[in-house]
Amino acid sequence: MKALKQFSIPFTGLKLGKHQFDFEIDKSFFDAFEYSLVKDGALKVVLELDKQETMLILTFHIWGTIQLNCDKCLAEFGQPIEIKERQIVKFAEDELESDDLEIIVLNRKESEIDVSEMIYEFINVAIPYINNCEQAGTDQKCDPEMLATLEKLASGNVEKEEEQNDDPRWEALKKLK
């Protein structure tokens, strides 16, 4: 968790108004989260914190490249991402749950806010549903050797299914029609 300590912002000492925080995200950030979809990346985060009397408005701008594995050929490739998100933090006497996903409620006694989980969630939501080398916007193509092997294995499975259909029990069942 030491890698995430820099993402804890002490807001009590800040004056009212806008404040900017810059973060660099690399492999150590993703290693801090168990079962992360992203294992490596090089990202920059610019966080603008607008401190007001009763709330904080956090505006995130995240950009860079994350390393993903292609779903088709299993090769690792760089996926460029750019994210702009806003999060509102309200202060209350009790930590109440908010129905709005954009609003976080903090106890007035809190003195700092950890933005690492928010950044992590924004990055994970930006991951494409299907990861493909060719759709990443770079000139990288899927590994032709792996595609040939997959094609060979796929056609081999069809032959095995046909062999299983020669089972005499299936022939007896077909006669019942």
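Let's start close to the end of the chain, with Leu176, which sits in the segment after α4 (168-175). Leu176 is exposed, since its relative accessible area is 70% and anything over 50% counts as exposed. Keep in mind as you look around that this is a predicted model. Leu176 has company out there: together with Trp170 and Leu173 it forms a nonpolar patch on the surface, and the three add up to about 370 Å² of accessible area.

Now zoom out for a moment. The protein has four helices and seven strands. Reading from the N terminus, the order is β-β-α-β-β-β-β-β-α-α-α. So where does the chain hide its residues? Of the 177 residues, 33% count as buried, because their relative accessible area falls under 20%.

Next, the inside. The largest nonpolar core holds 38 residues, and the members that touch the most others are Phe29, Phe60, Val115, Ile119 and Ile123. Which elements supply two or more residues to this core? They are β2 (17-25), α1 (27-31), β3 (40-51), β4 (55-69), β5 (76-92) and α2. The top contributor is β4, which gives six residues.

Back out to the surface, this time for charge. A patch of negative charge brings together Glu110, Glu112, Asp114, Glu117 and Glu121. Two elements each give two or more residues to this negative patch, namely β7 (112-114) and α2 (116-125). Take Asp114 as an example: you'll find it in strand β7. Is Asp114 buried, partly exposed or exposed? With a relative accessible area of 39%, Asp114 is partly exposed, because that value lies between the 20% and 50% cut-offs.

Charges of opposite sign are a separate story. Side chains of opposite charge can pair when their charged atoms come close. In this model the count comes to three salt bridges, and they are worth visiting one at a time.

Begin with Glu48 and Lys18, whose side chains meet in a salt bridge at 3.7 Å, N to O. This pair ties together distant parts of the chain: Glu48 belongs to strand β3 and Lys18 to strand β2, and they are 30 residues apart. How open is each partner? Glu48 counts as partly exposed, at 30% relative accessibility. Lys18 is exposed, with a relative accessible area of 58%.

Then look at Lys44 and Glu24, where the side chains form a salt bridge at 2.8 Å, N to O. Here too the pair links distant parts of the chain, with Lys44 in strand β3 and Glu24 in strand β2, 20 residues apart. Lys44 is partly exposed, at 36% relative accessibility. Its partner Glu24 is exposed, at a relative accessible area of 51%, so Glu24 falls in the exposed class because the cut-off is over 50%.

The remaining stop on this tour is the pair Asp31 and Lys27, with side chains that meet in a salt bridge at 3.4 Å, N to O. What separates these two along the chain? Both lie in helix α1, four residues apart, which is about one turn of the helix. Asp31 is partly exposed at 48% relative accessibility, and Lys27 is partly exposed as well, at 43%.

Finally, turn to the backbone, where two residues deserve a look. Tyr35 has a phi near 60°, a positive value in a residue other than glycine. Where does Tyr35 sit? Its place is in the loop between α1 and β3. Tyr35 is exposed, and its relative accessible area is 73%.

Leu74 also has a positive phi, near 70°, and is again a residue other than glycine. You'll find Leu74 in the loop between β4 and β5. With a relative accessible area of 59%, Leu74 is exposed.

Note on methods: Residues are numbered from 1 along each chain as its sequence is written. This is a predicted model: local features need pLDDT of at least 70, side-chain atom pairs count only at pLDDT 80 or more; totals for chains, interfaces and linings use all residues. Side-chain values use heavy atoms; hydrogens and water are left out. Patches are made of residues with over 30% relative accessible area and no salt bridge: like charges are joined within 9 Å, nonpolar side chains (Val, Leu, Ile, Met, Phe, Trp, Tyr) within 5 Å. Accessible areas come from the Shrake-Rupley method with a 1.4 Å probe; for residues, only the protein chains shown count as cover. A salt bridge is a side-chain nitrogen of Lys or Arg within 4 Å of a carboxyl oxygen of Asp or Glu. Lys and Arg count as positive and Asp and Glu as negative; His and the chain ends are not counted. The place of a charge is taken as NZ of Lys, CZ of Arg, CG of Asp or CD of Glu. Buried means under 20% relative accessible area, exposed over 50%, partly exposed in between (1.4 Å probe, protein chains only). A nonpolar core is a set of buried Ala, Val, Leu, Ile, Met, Phe, Trp, Tyr and Cys residues joined through side-chain atoms within 4.5 Å.
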